[in-house]
Amino acid sequence: MTIKLHRCRFTFLRSDRFECHRVQKALDDQGIAYELVKAPYFPRSRRKEVERLTGQQLLPVIEFEDGSAYREESADMAATIRSGQLDTKRAAAAS
Ligand SMILES: N[C@@H](CCC(=O)N[C@@H](CS)C(=O)NCC(=O)O)C(=O)O
């Protein structure tokens, strides 16, 4: 099993200006395997799974294998991933 990256459907937007790409690129650069889950874009209220996981509707979100989830500002998520600290968020999400 791998983690899941819940992100918007606009995978062709490949600039660090875009929140979902920023986090996906960090996972790719770190060689972390993930399953991509494309969430509905509009309206936000269609993002039922994102809301269930995190209690809010913004993307991106990382879902761990145990069903816990990690969501922060995308820049912070990317920094966490790049610093090798993603597992600490898994622990935090589970507690
Ligand atoms: N400042 C937040 C912004 C998150 C954000 O706007 N995410 C986009 C991803 S495409 C989104 O959910 N947009 C749709 C919306 O705001 O309804 C971050 O950097 O994580």
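Colleague: What makes the approach of the ligand to the side chain of Arg71 a polar contact?

Modeller: In this predicted model, an oxygen atom of the ligand is 2.9 Å from an N or O atom in the side chain of Arg71. A polar contact is a pair of N or O atoms within 3.5 Å, so the pair at Arg71 counts as one.

Colleague: Which atom of the ligand pairs with the side chain of Glu73, and at what distance?

Modeller: A nitrogen atom of the ligand, 2.7 Å from an N or O atom of the Glu73 side chain. With the limit at 3.5 Å, this pair is therefore a polar contact too. For Arg47, the side-chain N or O atom is 3.0 Å from an oxygen atom of the ligand. The protein covers 80% of the 500 Å² of accessible area that the ligand has on its own.

Colleague: Why are Cys8, Tyr41 and Leu58 listed around the ligand?

Modeller: A residue is near a molecule if one of its heavy atoms lies within 4 Å of it, so these three belong to the list. Also on the list are Glu19, Cys20, Arg44, Leu59, Glu72 and Ser74, as well as Arg47, Arg71 and Glu73. By class, the shell has six charged, five nonpolar and one polar residue.

Colleague: What is the space that the ligand takes?

Modeller: The ligand occupies the largest pocket. A molecule sits in a pocket if more than half of its atoms lie within 2 Å of the grid points, which means that the ligand passes that test here. The pocket has a volume of about 320 Å³. Its lining has 17 residues, and those closest to the centre are Cys8, Glu19, Cys20, Tyr41 and Leu59. Nine of the lining residues are nonpolar, seven charged and one polar.

Colleague: Which helix gives the most to that lining?

Modeller: Helix H1, residues 19-30, with three residues.

Colleague: How do you know which form the peptide bond from Leu59 to Pro60 takes?

Modeller: From omega, which is about 0°: the bond is cis. Pro60 lies in the loop between H2 and strand E3 (61-63). The bond from Phe42 to Pro43 is also cis, with omega near -5°. Pro43 is in the loop between strand E2 (34-38) and helix H2 (48-54).

How values were computed: Residues are numbered from 1 along each chain as its sequence is written. This is a predicted model: local features need pLDDT of at least 70, side-chain atom pairs count only at pLDDT 80 or more; totals for chains, interfaces and linings use all residues. Side-chain values use heavy atoms; hydrogens and water are left out. A polar contact is a pair of N or O atoms within 3.5 Å; within protein, one must be able to donate a hydrogen and the other to accept it, and residues adjacent in sequence count only if both atoms are side-chain atoms. Accessible areas come from the Shrake-Rupley method with a 1.4 Å probe; for residues, only the protein chains shown count as cover. On a 1 Å grid over the protein atoms alone, a cavity is a set of points where a 1.4 Å probe fits but cannot get out, and a pocket is an open set with protein on both sides within 12 Å along at least five of seven lines; lining residues have an atom within 4 Å of a point. Ala, Val, Leu, Ile, Met, Phe, Trp, Tyr, Cys and Pro count as nonpolar, Asp, Glu, Lys and Arg as charged, and the others, Gly among them, as polar. Grid points are joined across faces, edges and corners, and a volume is the space filled by probe spheres set on the points. Helices (H or I, at least four residues) and strands (E, at least two) are DSSP runs, numbered from the N terminus.
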